[in-house]
Amino acid sequence: MQLANLFLLIFVIQIYNLEADDPEYETSSFNRDGIVFSVGEMNWFAAYGFCTQLGMKLLTLQSSVDNEVFKKIAEHYKLQEKYYWLAANRLEDDVTFRWGLRGPPLSFGNWISGQPDNTEEVERCVRAEENHEWDDEDCFTKHFVICHY
Ligand SMILES: [Ca+2]
């Protein structure tokens with residue numbers, strides 16, 4: 001493991017532990033059809049750790065087909081009114097959006113018109129909003145979490 005990877009991992013674990021010690025932190029979840037949904041909202045780092053700890057992936061939509069599957073899941077479970085974290089982020093080099101940490105660059109995008117806009121230059125993570133479209137967002141904002149295999 002490269003040193004930079006190790007530091008990134010330690011950073012994520014630290015953030016996750018910070019959240020886990022917070023009595024306000026909601027770790028409850030429910031499992032349907034092999035997909036785990038968080039009951040509460042958490043920041044991107046906690047969301048990433050939450051799914052990794054389950055041996056799963058934070059919501060990753062690598063193609064328009066994946067996106068269509070997610071739309072059906074969202075409609076089936078009536079998730080439309082909530083915001084969900086995607087695994088997509090540009091934490092590595094502040095430029096290229098990737099899936100997860102050190103993952104592949106995005107080869108597909110479902111951005112809201114005008115996004116990503118990196119408002120106040122703090123938007124390094126990506127969430128799915130209404131209509132399942134994407135917006136870059138501050139990683140410390142709290143949103144709901146979907147984990148899958
Ligand atoms: Ca944005």
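Me: Helices are DSSP runs of H or I with at least four residues, numbered from the N terminus. In this predicted model, which residue with a positive phi follows α2?

Reply: Helix α2 covers residues 44-53. The residue in question comes after this helix and has a phi near 75°. It is G55.

Me: How confident is the predictor in the protein, and which element has the lowest mean pLDDT?

Reply: The mean pLDDT of the protein is 86, and 82% of its residues reach 70 or more. Among the elements, strand β4 (residues 84-89) has the highest mean, 98. At the other end, with a mean of 56, is helix α1 (residues 3-20).

Me: In what pattern do the helices and strands follow each other along the sequence?

Reply: The protein has 3 helices and 8 strands. Read along the sequence, these elements give the pattern α-β-β-α-β-α-β-β-β-β-β.

Me: Which strands stand at the edges of the open sheet?

Reply: The open sheet has 4 strands, paired antiparallel in the order β1-β2-β8-β3. An edge strand has a single partner, so one of its sides is left without a neighbour in the sheet. That is the case for β1 (29-32) and β3 (57-58).

Me: What is the bridge partner of F30 in β2?

Reply: Strand β2 spans residues 35-38 and runs antiparallel to β1, to which 4 bridges join it. In β2, F30 has as its bridge partner F37.

Me: How many of the residues of α2 are buried?

Reply: A residue counts as buried if 20 or more other C-beta atoms lie within 10 Å of its own. In α2 the residues that meet this are W44, F45, A46, A47, Y48, G49, F50 and C51. The helix is thus mostly covered, and the count is 8 of its 10 residues.

Me: Which element gives the largest share of the largest nonpolar core?

Reply: This core has 28 residues, of which A47, L58, L59, W85, L86 and V145 touch the most other members. Two or more of its residues come from each of α2, β4, β6 and β8 (146-148). The largest share is 7 residues, and the element that gives it is α2.

Me: Which residues does L86 touch, leaving out those up to four places away in sequence?

Reply: L86 is one of the core residues that touch the most other members. With sequence neighbours up to four places away left out, its contacts are L59, L61, V126, R127, A128 and W134.

Me: Which residue of β6 stands opposite Y84?

Reply: Strands β4 and β6 run antiparallel and are joined by 3 bridges. β6 is mostly covered, with 6 of its 6 residues buried. Opposite Y84 in β6 stands A128.

Me: Which residue in the turn between β6 and β7 has a positive phi?

Reply: Strand β6 (residues 123-128) pairs with β7 (residues 134-138) in the antiparallel sense over 5 bridges. One of the paired positions joins E123 to its partner D138 in β7. The two strands form a hairpin with 5 residues between them. The turn residue with a phi of about 60° is N131.

Me: Which two residues does the cis peptide bond join?

Reply: The proline of this bond, P116, is found in the loop between β5 (98-99) and β6. The bond has an omega of about 0°. It joins Q115 and P116.

Me: Is E120 buried or exposed?

Reply: E120 is found in the loop between β5 and β6, and its phi is positive, near 55°, although E120 is a residue other than glycine. A residue with 12 or fewer C-beta neighbours within 10 Å counts as exposed. E120 has 7 inside 10 Å, so it counts as exposed.

Me: How many other C-beta atoms lie within 10 Å of R102?

Reply: R102 has its place in the loop between β5 and β6. Its phi is positive, about 65°, although R102 is not a glycine. R102 is partly exposed because the number of other C-beta atoms within 10 Å is 13.

Me: What share of the contacts with a separation of 6 or more is between residues 24 or more positions apart?

Reply: The protein has 149 residues, and 28% of them are buried. For contacts with a separation of 6 or more, the share from residues 24 or more positions apart is 60%.

Technical notes: Residues numbered from 1 in each chain as written. Predicted model: local features only at pLDDT ≥ 70, side-chain atom pairs only at ≥ 80, totals over all residues. pLDDT = per-residue confidence, 0-100. Pairing = 2+ DSSP bridges. Contact = placed C-beta atoms within 7 Å. Core = buried A, V, L, I, M, F, W, Y, C linked by C-beta atoms within 7 Å.
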